[in-house]
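Here's a quick briefing to read alongside the model. Have the sequence and the 3D view open, and click along as you go.

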Amino acid sequence: MAAELSRDDVLAAREAIAGRLHRTPVFSSATLGERTGASVHLKAELFQRTGSFKPRGVLTKLASLSDDEKRNGVIGISAGNHAQALAYCAALEGIDALIVMWEGASSQKIEATRAYGAAVDLEADGPAGAFERLHELMAETGRVLVHPFDDPLTIAGQGTVGLEILEDVPEAAVIVVPVGGGGLVSGIAVAAEGRRVVAVEPELSDALQRGLEAGKPVPVEPRSVADGLGAPFAGEHPIRICADLGVESVLISEDELAEGMRFLYGRAKLACEPAGAAAVAALLAGKIALEPRETAVAVVSGGNVVAQIASAILSSNEAWHPS
């Protein structure tokens, strides 16, 4: 077990956020079971408040702040899902929030973030520049950073997804998780009590796999249509936790990602975003070996997608393709 975080921390996170978020459902998928020869379930985090798993970690972090820190406000950085979660949760707590986003981020997610009550800074021209802008604003304002993935409290909060999976599907032997910066998969790995955990990333946004190979964060230029997985690096904490706990890493192509999204829309009736389809995409593509009748759970991590991209992918219109 990684020394910096334990299952007790995840249990404490659950207590800190109890009653404030949805307990998302788990569905079985007979079709995925037929294709994989296993028993496959879907953890539907797209039904969480703000449309993704992100509020779990945000509320856990906010619960740790002092009154003075809350009065001074918080700051975050995100392509969209963490931005919306931080805006929503900060409003819930009566805390002023400033979110650093960037040119080219989803206009739908920017608008949603503002609608939840946060101010949005769009000075950066991309993810890498946005982190530079974040540090400038932190120095100027003294706001507390609520990191999207590289904070033990955030990771512990995301790990509550794993607690729910094990309670609802106690026979689960494998948990498959979409990955951007690594907060969700590392939190689930801490909660998973030794079960096999597989991280799934797009080939065009492979920050965690590169980080695991190097043993430290490695800058990448995310180009996948799955903007929810577009972290410009994986976090130091997630890399260490995933390495210590033996989390596996697999990559999927953009076409495989799109096929996973079409499957979830058409067969599971889950209106997910591309990022949310990554785990199912890996299973459909045969990237994860499962034993006959073994039980696996795939996390469907979010549902915030621009209508034009969803329409293009679902209609097999190649206009969405980044390569």
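Gly286 sits in the loop that links α14 (278-284) to β10. This is a predicted model, and in it Gly286 comes out exposed, because its relative accessible area is 56%, past the 50% cut-off. Now look across to Thr36: the two residues are 250 apart along the chain, yet 7.6 Å separates their C-alpha atoms.

**The sheet**

- Six strands line up as β1-β2-β10-β7-β8-β9, giving an open sheet with mixed pairing.
- At the edges you'll find β1 (26-28) and β9, each of which has a pairing partner on one side only.
- From one strand to the next, the twist averages 25 degrees.
- Strand β7 (residues 174-178) runs parallel to β10 (residues 295-300), and 3 bridges join the two.
- To find your place in that pairing, look for Val176, which stands opposite Ala298 of β10.
- Helix α13 (residues 254-266) packs on the sheet, where it touches β2 (39-44), β8, β9 and β10.
- The direction of α13 makes about 90 degrees with that of β9.
- β7 also pairs with β8, again in the parallel sense, over 5 bridges.
- Here the landmark is Ile175, whose bridge partner in β8 is Val197.
- As for β8 itself, 6 of its 7 residues are buried, so the rest of the structure largely encloses this strand.

**Helix α11 and its surroundings**

- Which residues of helix α11 (residues 207-214) are buried? They are Ala207, Leu208, Gln209 and Gly211.
- Those buried residues pack against two helices, α10 (183-191) and α12 (236-244), and against two strands, β8 (196-202) and β9 (248-252).
- Right after α11 comes Gly215, which has a positive phi, near 80 degrees.

**Where α3 meets α5**

- Packed helix pairs are described by two things, the angle between the axes and the distance between them.
- For helix α3 (residues 55-63) and helix α5 (residues 81-93), the axes come within 9 Å and cross at roughly 40 degrees.
- An angle like that makes α3 oblique to α5.
- The crossing of this pair is right-handed.
- On the α3 side, the contact is made by Pro55, Val58, Leu59 and Leu62.
- On the α5 side, the residues are His82, Ala85, Leu86, Cys89, Ala90, Leu92 and Glu93.
- Sorted by class, the contact of α3 with α5 comprises 9 nonpolar residues, 1 polar and 1 charged.

**Where α1 meets α9**

- Helix α1 (residues 7-17) packs with helix α9 (residues 160-168) at an angle of about 95 degrees, and their axes are 9 Å apart.
- Are α1 and α9 roughly perpendicular or roughly parallel to each other? The angle falls in the 65 to 115 degree range, so they count as roughly perpendicular.
- From α1, the contact takes in Arg7, Val10, Leu11, Ala13, Arg14 and Ile17.
- From α9, Thr160, Leu163, Leu166 and Glu167 make the contact.
- The class breakdown for the contact of α1 with α9 is 6 nonpolar, 1 polar and 3 charged residues.

Notes
Residues numbered from 1 in each chain as written. Predicted model: local features only at pLDDT ≥ 70, side-chain atom pairs only at ≥ 80, totals over all residues. Heavy atoms only, no water. Axes fitted to C-alpha atoms, helices over the stretch in contact; angles between N-to-C directions. Helix = DSSP H or I, 4+ residues; strand = E, 2+ residues; numbered from the N terminus. Parallel < 35°, antiparallel > 145°, perpendicular 65-115°, else oblique. Left-handed = near helix turned anticlockwise from the far one by under 90°. Contact = heavy atoms within 4.5 Å. Nonpolar A, V, L, I, M, F, W, Y, C, P; charged D, E, K, R; others polar. Buried < 20%, exposed > 50% of the residue type's maximum accessible area, 1.4 Å probe, protein only. Pairing = 2+ DSSP bridges.
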